[in-house]
Amino acid sequence: MDYSHNQISLKSFRRRVCIDWLKLILRFQNQIHFYDIQKIFTDVGWEKPHVEAVEEKSGRVANTFILTIHDRLANDYQALRQVLENIGSAYPMSDEPTIHGIEIACDFYRKGLGSNHLPALKADLLALTYRLQTSLYVKGGKNHRQYDPAIKGNRYLDSEGVRITPEQNFRINPEGSGLSWHVYFKWFDKFNKIKNTFMTLEPDKWRARVEVTILGEELSSFGLVKLADLNGYRFETLASLS
């Protein structure tokens, strides 16, 4: 299908901005085990986070850890701050938690269409996905590519004859870059290991999604260095990235 002639309006969509994941660096005065950090999260009812030791010593202890937070807790600054204060009370830190990386997602949901209008819902979301992908493409960057399941690999858009298709995810800049983008039509979610397939979302959760990942030194360009910088941060200001 040719989506280039479908001038879909943003007014037809509801927008939601959230943190997809957040990586923090925690530095402690004394060596501790990664389990000590996880236990405080689970003790107050949160899911066990991923904790990676930096320069791990014998006995799997370290002074510095990279903590990865997802979903609800990543978007609740006050709750996250409280858990980290609990950790600091039990195991004194040598510095305030700093941001190591963050991924912000902007989701666009179609207004007024649901499971009773699946063909129109999908067509409009794909049309918006195409608009978002093509507007990002003309802004520059490197390694413009889409993953093509048919060839089980990437199609690079600097090749002659290759065109953007909204049915496939679209990325700019190599993975691990200080700043990278990912734009796609999201209609499935977590991988089901038992069924060996992805779980399909309910139609009211289908959306066009833009993900912006910021890592390392690039974070300071957007005023994101310490954990406290997240308090009240307006992620809508990052729209200028796209």
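1. **W187 and its patch.** W187 sits in the loop between β8 (179-186) and β9 (188-192). This is a predicted model, and every point below should be read that way. At 35% relative accessibility, W187 is partly exposed, because that class runs between the limits of 20% and 50%. W187 belongs to a nonpolar patch on the surface, together with F188 and F198. The three residues share about 270 Å² of accessible area. Find W187 in the structure, then look for the two Phe side chains of the patch.

2. **The protein as a whole.** Now step back. The protein has four helices and eleven strands. Of its 242 residues, 43% are buried. The protein exposes about 13800 Å². Carbon and sulfur atoms supply 48% of that area. What about contacts along the chain? Take those between residues at least 6 apart in sequence: 70% of them join residues at least 24 apart.

3. **Helix α3.** How does the span of α3 agree with its 14 residues? At 1.5 Å a residue, the helix should span 20 Å. The expected span uses one less than the number of residues. The end C-alpha atoms of α3 are 20 Å apart, so the model agrees with the expected value. Which residues of α3 are buried? They are Y77, A79, L80, V83, L84 and I87. These buried residues pack against β1, α1, β3 (61-70) and α2 (71-74). Trace the helix in the structure and check which side those residues are on.

4. **I104 in strand β4.** I104 is found in strand β4. Its relative accessible area is 5%. I104 therefore counts as buried, since the limit is under 20%. I104 and W21 are 83 residues apart along the chain, yet their C-alpha atoms are separated by 7.4 Å.

5. **Salt bridges: a pair within one helix.** Side chains of opposite charge can pair when their charged atoms come close. The structure holds 13 salt bridges. One of them joins D43 and K39, with 2.9 Å from N to O. Both residues lie in helix α1 (residues 34-43). They are four residues apart, so about one helical turn separates them. D43 is exposed at 51% relative accessibility. K39 is partly exposed, at 38%.

6. **Salt bridges: a pair across the chain.** D95 forms a salt bridge with R27, and their closest N and O atoms are 4.0 Å apart. D95 lies in the loop between α3 (77-90) and β4 (98-110), while R27 is in strand β1 (residues 13-33), so the pair ties together parts that are 68 residues apart in sequence. Are these residues buried or exposed? Neither class fits. D95 is partly exposed, with a relative accessible area of 32%. R27 is partly exposed too, at 29%.

7. **Salt bridges: a buried pair and a network.** R209 forms a salt bridge with D107. The closest N and O atoms of this pair are 2.6 Å apart. The pair links distant parts of the chain: R209 is in strand β11 (residues 207-215), D107 is in strand β4, and 102 residues separate them. Both R209 and D107 are buried. Which residues join them in one network? They are R16, D20, R207 and E211, joined with R209 and D107 by salt bridges that share partners.

8. **The β5-β6 hairpin.** Strand β5 (residues 145-148) pairs with strand β6 (residues 153-156) in the antiparallel sense. Four bridges hold the record of that pairing. Q146 stands opposite R155 in β6. The hairpin has four residues between its strands. One residue to check there is K152, found in the loop between β5 and β6. Phi of K152 is near 55°, a positive value in a residue other than glycine. K152 is exposed, with a relative accessible area of 71%.

9. **E55.** Where does E55 lie? E55 is in the loop between β2 (50-54) and β3. Phi of E55 is near 55°, again a positive value in a residue other than glycine. E55 is exposed, with a relative accessible area of 63%.

Technical notes:
Residues are numbered from 1 along each chain as its sequence is written. This is a predicted model: local features need pLDDT of at least 70, side-chain atom pairs count only at pLDDT 80 or more; totals for chains, interfaces and linings use all residues. Side-chain values use heavy atoms; hydrogens and water are left out. Patches are made of residues with over 30% relative accessible area and no salt bridge: like charges are joined within 9 Å, nonpolar side chains (Val, Leu, Ile, Met, Phe, Trp, Tyr) within 5 Å. Accessible areas come from the Shrake-Rupley method with a 1.4 Å probe; for residues, only the protein chains shown count as cover. Helices (H or I, at least four residues) and strands (E, at least two) are DSSP runs, numbered from the N terminus. Buried means under 20% relative accessible area, exposed over 50%, partly exposed in between (1.4 Å probe, protein chains only). Two strands pair if DSSP finds at least two bridges between them. Contact means heavy atoms within 4.5 Å.
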